[in-house]
Amino acid sequence: MSITGVVDRVVAEVDRAADEIVQYTVDLVRIPTVNPPGDAYDACAHFIGADLKRRGFDVEYIAAEGLPEHTPRFPRVNVVGSRRGGPGPVVHLNGHFDVVPPGEGWTVDPFGGIVRDGRIHGRGACDMKAGLAAGLFAVEAIHRAGVPLPGTVEVSGTVDEESGGFAGVAYLARRGRIARRRTDFVIIPEPLNVDRICIGHRGAYWFEVTAHGRTGHGSMPFLGVNAIEGMGRLLQSVREDLVPVLASRRTGVPVVPPGARHATININSIDGGQTVGGIQTPCIADLCRAVFDRRFLIEEGFDATKAEVERLVQRANAQAPGVHFEMRDLMVVHPTRTPDDSPVIAALDRSMRRILGKPAELVASPGTYDHKHVARIADVPHCVAYGPGILDLAHQPDEWCAIDDLVNATKIIALATLDLMGARAA
Ligand SMILES: [Zn+2]
């Protein structure tokens, strides 16, 4: 079979399957896998697994045994299907099936899976149940087109991406289920827009600062040390000394939107003195706690990022008499970047040119996603995110995915999968 013949047949099979792809997405949206707390994971993993089995995949269920979040009430169950072909490369298509809570402001049922005006609506339609459908049907279309698989393709549905992915992709990577020695390429069909390939993300450093003062009678504040006042000084220093410096740093990685190409810090929460809503007590606040979310650039590195914050806190310690500041790390996510010459970028770009008639735009994510676990724990460098859905709609009320984008992404993933297996030269 010539390469053109293969492409035409696979593309035709995706087009023929369009209604099935939509229905599969709808079926997934109707399983309310809300995280937190991690609802209906078992049901969703088994829905995906049963479907993979029917299509001839070998199916494994991998529960996150030993992790505290894997409980009888909220089991963390992942599913991996494999379809083995020739001895060629292993391409792994991974999607998370957890979704963030629907929140307010919906005009449609978030779990109704409503299809209207060429769009699938619902929580997770965009992020990323359409992506899961695209991965599955990419493999299905190759199969239906009668194209022999030169390698092995794996399709996984995993949990908890929205809360860090520790029981999901990180767990599979720690267990060696996704690993450099057995996995060649990973595509994560996150919604980064149908014409963009995401090659990584910035780093995230979450830390907490606690200011300790000395309490006393609130009628005589001069007899104590107010921890909230102390925290105020630190916040002022963050605003005046740190933020302008961060804004002046710019990464060479194509993070979108462009505003996120700079280093940033967000004051995530603050809590001090007596409980808000309680009955007022005449006391001087002796405790104030703030959580910070610092997004750092691959060029900055984690060590320098942390040292810079430590210097700021030390200075606040010196400048706020009587207040003592303590700092504690909450979470560190290191930045990742796919190598420029990675075959996974080239294969998706070639496929996109065929299907959309234009080259891919390379972007990086302002946040993080499961790529970090594939790169850092599994040590698989050839990983990108590519999938249907518009990034800006993720986590929004009335989230949707366009059916045209879903179908096109399915074609592009199918062709890229074959390309990566070396079928391009066939
Ligand atoms: Zn996602």
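This report describes a zinc site, a nonpolar surface patch and the setting of one arginine in a predicted model.

## Zinc site

The zinc ion is coordinated by NE2 of His96, OD of Asp127 and two OE donors of Glu190, at 1.9 to 2.7 Å. Along the chain, these donors follow the spacing H-x30-D-x62-E. His96 lies in strand β3 (residues 90-96) and Asp127 in helix α4 (residues 125-144); the pair, 31 residues apart, links distant parts of the chain. Both His96 and Asp127 are buried.

The arrangement around the zinc ion is irregular, because the four donor atoms subtend angles of 52 to 146°, whereas a tetrahedral assignment requires all angles to lie between 85 and 135 degrees. For reference, the ideal angle for four tetrahedral donors at a metal is 109.5 degrees.

## Nonpolar surface patch

Phe166, Leu330 and Met331 form a nonpolar patch on the surface, and together they have about 230 Å² of accessible area. Within this patch, Phe166 is placed in the loop between β6 (152-158) and α5 (169-174). The relative accessible area of Phe166 is 36%, so this residue is classed as partly exposed.

## Setting of Arg295

Arg295 belongs to strand β11 (residues 287-296). Its relative accessibility is 17%, and Arg295 therefore counts as buried, the cut-off being under 20%.

Leaving aside residues up to four places away in sequence, Arg295 touches Arg202, Gly203, Ala204, Trp206, Ala263, Thr264, Glu300, Pro366, Gly367 and Thr368. Glu161 is 134 residues from Arg295 in sequence, and the C-alpha to C-alpha separation of these two residues is 18 Å.

Terms used:
Residues numbered from 1 in each chain as written. Predicted model: local features only at pLDDT ≥ 70, side-chain atom pairs only at ≥ 80, totals over all residues. Heavy atoms only, no water. Donors = N, O, S within 2.8 Å, 3.2 Å for Na, K, Ca; no water. Tetrahedral: all angles 85-135°; square planar, octahedral: opposite > 155°, others 65-115°. Helix = DSSP H or I, 4+ residues; strand = E, 2+ residues; numbered from the N terminus. Buried < 20%, exposed > 50% of the residue type's maximum accessible area, 1.4 Å probe, protein only. Patch = residues over 30% accessible without salt bridge, like charges linked within 9 Å, V, L, I, M, F, W, Y side chains within 5 Å. Areas by Shrake-Rupley, 256 points an atom, 1.4 Å probe, with all protein chains shown as cover. Salt bridge = Lys/Arg side-chain N within 4 Å of Asp/Glu carboxyl O. Contact = heavy atoms within 4.5 Å.
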